[in-house]
Amino acid sequence: MRAIVLHGEELRLEERPDPVPGGNEVVVAAPYAALNPADLAQRAGRYPAPPGAPQDIPGLEVSGRVVARGAAVLGWQVGDRVFGLVGGGGLADRVAVHERHVVAVPERLDDLEAAAVPEAFLTAFDAMVSQAGLGPGDVLLVNGANGGVGTAAVQIGRYVGARVIAISRSDEKLELARRLGADEVVQAGGTDTVARARAACGGDGADVTIQCVGSAEVAEQAIELATFGGRVVLIGSSPEPFRARVVEICWRELTLFGSRGFTVDDIRAVVDLYLAGDIVTEHLTARTRPLAEANEALEDLREGRVLRTVLMP
Ligand SMILES: NC(=O)c1ccc[n+]([C@@H]2O[C@H](COP(=O)([O-])OP(=O)(O)OC[C@H]3O[C@@H](n4cnc5c(N)ncnc54)[C@H](OP(=O)(O)O)[C@@H]3O)[C@@H](O)[C@H]2O)c1
């Protein structure tokens with residue numbers, strides 16, 4: 001197979017032996033491989049792959065057709081079209097994945113979308129709905145609404161019937177959040193950011209906040225902006241410690257969640273959402289490059305020139 005392999009901070013395109021599926025695994029032939037901010041963090045040594053996943057091949061998403069299956073696989077046949085997430089190893093044209101970590105790709109989702117949708121949408125869904133119990137009528141605050149996860153969060157929020165408040169720094173890019181269905185947008189910046197965000201929430205603050213910014217300061221703001229009984233899900237990868245007043249968490253009965261994983265039910269729910277609604281994904285698929293340009297693509301991501309890049313092996 002062809003894979004993008006980490007050598008220190010450099011990514012190299014290399015030939016590797018095809019993965020052999022374990023008992024419950026399928027091997028997927030992937031026509032596309034999506035790059036995410038997590039790949040940047042992994043390259044910098046801040047996001048190691050979990051045990052059992054390939055440590056030197058980044059990539060969190062998998063999509064394509066099953067080309068081999070382990071002896072104990074019940075759910076899939078060779079030729080089935082599947083997609084989902086992996087702990088690592090996604091930047092390759094052959095990816096081994098547990099059979100229960102993928103679901104069938106709906107017909108309407110083309111190969112490019114199937115490659116680029118899982119990470120953003122599953123992260124947002126697991127954080128807001130599975131963890132924080134987002135429901136109809138909740139005020140949802142999306143911090144970092146212009147990003148991959150944030151744009152998914154805005155759309156999922158609208159779909160479940162929440163009132164969606166989108167915050168990001170670039171007003172120009174917040175136009176996308178408006179188009180995706182945010183009820184209010186707030187441009188972050190200046191000492192009055194919290195006051196403006198609170199006003200946009202209706203004065204009391206947010207029932208659920210998804211914190212999609214890798215910044216301790218923004219995490220502190222998220223806690224400040226939670227209403228009584230509010231739930232705050234922290235997904236933004238920041239190594240810095242953040243400060244919160246314990247008394248506020250007690251008296252306002254706040255709940256803080258961390259989220260990194262997903263379940264197969266999350267994948268099914270995201271597929272249902274896609275089939276039921278007018279979900280927009282062009283901003284995740286707009287930029288493609290050959291697999292050999294992975295280093296340049298990662299630099300584009302680091303410099304904020306693109307939201308995502310999908311590589312073509
Ligand atoms: N825990 C998990 O499972 C998980 C999974 C995926 C991602 N993550 C992490 O979650 C974070 C978001 O991921 P992503 O893929 O959506 O990243 P992304 O595409 O880079 O988006 C982050 C967005 O945050 C906005 N932003 C930056 N600073 C801000 C500030 N001070 N206030 C408000 N908005 C700000 C940026 O837009 P502007 O420049 O317009 O402000 C940017 O578009 C990253 O830290 C990523 O590592 C965690």
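Is D192 buried, partly exposed or exposed? With a relative accessible area of 37%, D192 is partly exposed, where buried stands for under 20% relative accessible area, exposed for over 50%, and partly exposed for what lies in between (1.4 Å probe, protein chains only). The structure is a predicted model, in which local features need pLDDT of at least 70 and side-chain atom pairs count only at pLDDT 80 or more, while totals for chains, interfaces and linings use all residues. Residues are numbered from 1 along each chain as its sequence is written, and side-chain values use heavy atoms, with hydrogens and water left out.

The protein chain is best taken up by its domains. Its domain assignment gives domain 1 as 2-117 + 281-312 and domain 2 as 121-258, such bounds coming from an automatic or database domain assignment. The C-alpha centres of domain 1 and domain 2 are 28 Å apart, and nine residues from domain 1 and twelve residues from domain 2 take part in the contact, a term that means heavy atoms within 4.5 Å. About 750 Å² is buried between domain 1 and domain 2, and carbon and sulfur atoms give 63% of this area; buried area is the accessible area (1.4 Å probe) that two parts lose on being put together, summed over both. Of the area that domain 1 buries against domain 2, V117, H283 and L307 supply 46%, more than any other three residues.

Between domain 1 and domain 2 the count of salt bridges is zero, a salt bridge being a side-chain nitrogen of Lys or Arg within 4 Å of a carboxyl oxygen of Asp or Glu. Two residue pairs, both at pLDDT 80 or more, are in polar contact between domain 1 and domain 2; a polar contact is a pair of N or O atoms within 3.5 Å, where within protein one must be able to donate a hydrogen and the other to accept it, and residues adjacent in sequence count only if both atoms are side-chain atoms. On the side of domain 1 that touches domain 2, helix α9 (residues 282-285) gives the most, with three residues, helices (H or I, at least four residues) and strands (E, at least two) being DSSP runs numbered from the N terminus.

Within the structure as a whole there are 20 salt bridges. One of them joins E299 and R43, whose closest N and O atoms are 3.2 Å apart, and this pair links distant parts of the chain, with E299 in helix α10 (residues 294-302) and R43 in helix α1 (residues 37-43), 256 residues apart. E299 is partly exposed at 25% relative accessibility, whereas R43 is buried at 12%.

A further salt bridge is formed by D138 and R231, the closest N and O atoms being 3.3 Å apart; D138 lies in the loop between α2 and β9, and R231 in strand β13, 93 residues apart. Both residues of this pair, D138 and R231, are buried. The side chain of D138 also reaches the backbone nitrogen of G135 at 2.9 Å, and, leaving aside neighbours within four places in sequence, D138 is in contact with residues including G133, A162 and D207.

The opening residue, D192, meets R196 in a salt bridge between their side chains (3.2 Å, N to O), and R196 counts as partly exposed at 29% relative accessibility. Salt bridges that share partners also join R43, E299, R302 and E303 into one network.
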